[in-house]
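Got the viewer open? Let's take a walk through this one, selection by selection.

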There are 2 protein chains.
Amino acid sequence: MSDVRTATTATNLEADETHRLISSEKVDGTAVYDRRGERLGTLHHVMIDKYTGQVSYAVMSFGGFLGMGESYHPLPWKVLTYDTRLGGYVVDHLDRNRLEGAPSYTSRDVPNWDDRSYTGRIDRYWMPPV
Amino acid sequence: MSDVRTATTATNLEADETHRLISSEKVDGTAVYDRRGERLGTLHHVMIDKYTGQVSYAVMSFGGFLGMGESYHPLPWKVLTYDTRLGGYVVDHLDRNRLEGAPSYTSRDVPNWDDRSYTGRIDRYWMPPV
């Protein structure tokens, strides 16, 4: 198969603007980086507000990363920034230490997303009031 | 197993407000109705803007519904309204006739979502300029 690529300079810029849409079936697996560009995990799934269609939380998986099997860390969508160059999300205040204290769960204790005290805890951890 | 349900009247009202979040893994299968409450299909997946986290398009599947095997109909998110009573989405101007002329695809001709002329065609069909 031939892999035709032409006018790369112009189309790369265009691509940055047009490759905006991703299927809910494929959002799983998008990489998550800290500010220094270190890959810390991947996006496992997102929680969508079914009324507004706005993603509220991104749930990241850090398989074995913290030495405790696969764990899931929910983050407010607002703290994620999509980085076109990295092809993934960057979270400014994300590092291993910060993760260790963050709300997380495993497949054995999936949270109740309707519990506002739970989502409030996520929000306060990642977006503390100033 | 015992299925404990208490204080239903109060909690049903609360549920309307709090059951807002749905996982991208489970959005698949949500029912889609016309204005008269007739179930026309189900939500197959959604297309998410990876920068803003806003769902742009909902792709519905109408398996065998129009007598042509499983087909996928993308609709702008804006034309969907979540109906708590029905537990699914209502689309005002959706009916069988309207669907037949709408942009659709099958698993053999999946669209290029980066092609703005394609998304523009969906937008114009479902949200014609006044």
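Start with Asp34(A): is this residue buried or exposed? Select Asp34(A) and turn on the surface: with a relative accessibility of 3%, the residue counts as buried, because anything under 20% falls in that class. Keep in mind as you go that this is a predicted model.

Now add Arg36(A) to the selection. Its side chain meets that of Asp34(A) in a salt bridge, at 3.5 Å from N to O. The two ends sit in contrasting surroundings: Arg36(A) is exposed, at 71% relative accessibility, while Asp34(A) is buried at 3%.

Hop over to chain B and pick Arg36(B) and Glu38(B). Their side chains form a salt bridge too, 3.3 Å from N to O. Arg36(B) is exposed at 71% relative accessibility, and Glu38(B) is partly exposed at 30%. Then go back to chain A and select Asp34(A), Arg36(A) and Glu38(A) together: salt bridges with shared partners tie them into one network. Over all chains, the whole structure has six salt bridges.

Next stop, the interface. How many salt bridges link chain B and chain A? The count is two. For one of them, select Arg20(A) and Asp49(B), whose side chains come to 2.7 Å, N to O. This pair crosses between chains: Arg20(A) lies in the loop between helix 1 (8-18) and strand 1 of chain A, and Asp49(B) is in strand 3 of chain B. Arg20(A) is partly exposed at 29% relative accessibility, whereas Asp49(B) is buried at 9%.

Stay with that strand and show the backbone. Strand 1 (residues 21-23) of chain A runs antiparallel to strand 3 of chain B, and three bridges join them. To find the register, click Ile22(A), which stands opposite Ile48(B).

Now zoom out and colour everything in contact between the chains. You should pick up 33 residues from chain B and 33 from chain A. The buried area is about 3,400 Å², with carbon and sulfur atoms giving 50% of it. On the chain B side, highlight Leu21(B), Lys50(B) and Tyr51(B): they supply 24% of the area chain B buries against chain A, more than any other three residues.

Finish with polar contacts: 26 residue pairs make them across the interface, with both residues at pLDDT 80 or more. Helix 1 (8-18), strand 1 (21-23), strand 3 (39-49), strand 4 (55-61) and helix 3 (116-126) of chain B each put at least two residues into the side touching chain A. Strand 3 of chain B has the largest share, six residues. Colour that side by type and you get 13 nonpolar, 12 polar and eight charged residues.

Definitions and conventions: Residues are numbered from 1 along each chain as its sequence is written. Chains are lettered from A and ligands numbered from 1 in the order in which they are written. This is a predicted model: local features need pLDDT of at least 70, side-chain atom pairs count only at pLDDT 80 or more; totals for chains, interfaces and linings use all residues. Side-chain values use heavy atoms; hydrogens and water are left out. Contact means heavy atoms within 4.5 Å. Buried area is the accessible area (1.4 Å probe) that two parts lose on being put together, summed over both. A salt bridge is a side-chain nitrogen of Lys or Arg within 4 Å of a carboxyl oxygen of Asp or Glu. A polar contact is a pair of N or O atoms within 3.5 Å; within protein, one must be able to donate a hydrogen and the other to accept it, and residues adjacent in sequence count only if both atoms are side-chain atoms. Helices (H or I, at least four residues) and strands (E, at least two) are DSSP runs, numbered from the N terminus. Ala, Val, Leu, Ile, Met, Phe, Trp, Tyr, Cys and Pro count as nonpolar, Asp, Glu, Lys and Arg as charged, and the others, Gly among them, as polar. Two strands pair if DSSP finds at least two bridges between them. Buried means under 20% relative accessible area, exposed over 50%, partly exposed in between (1.4 Å probe, protein chains only).
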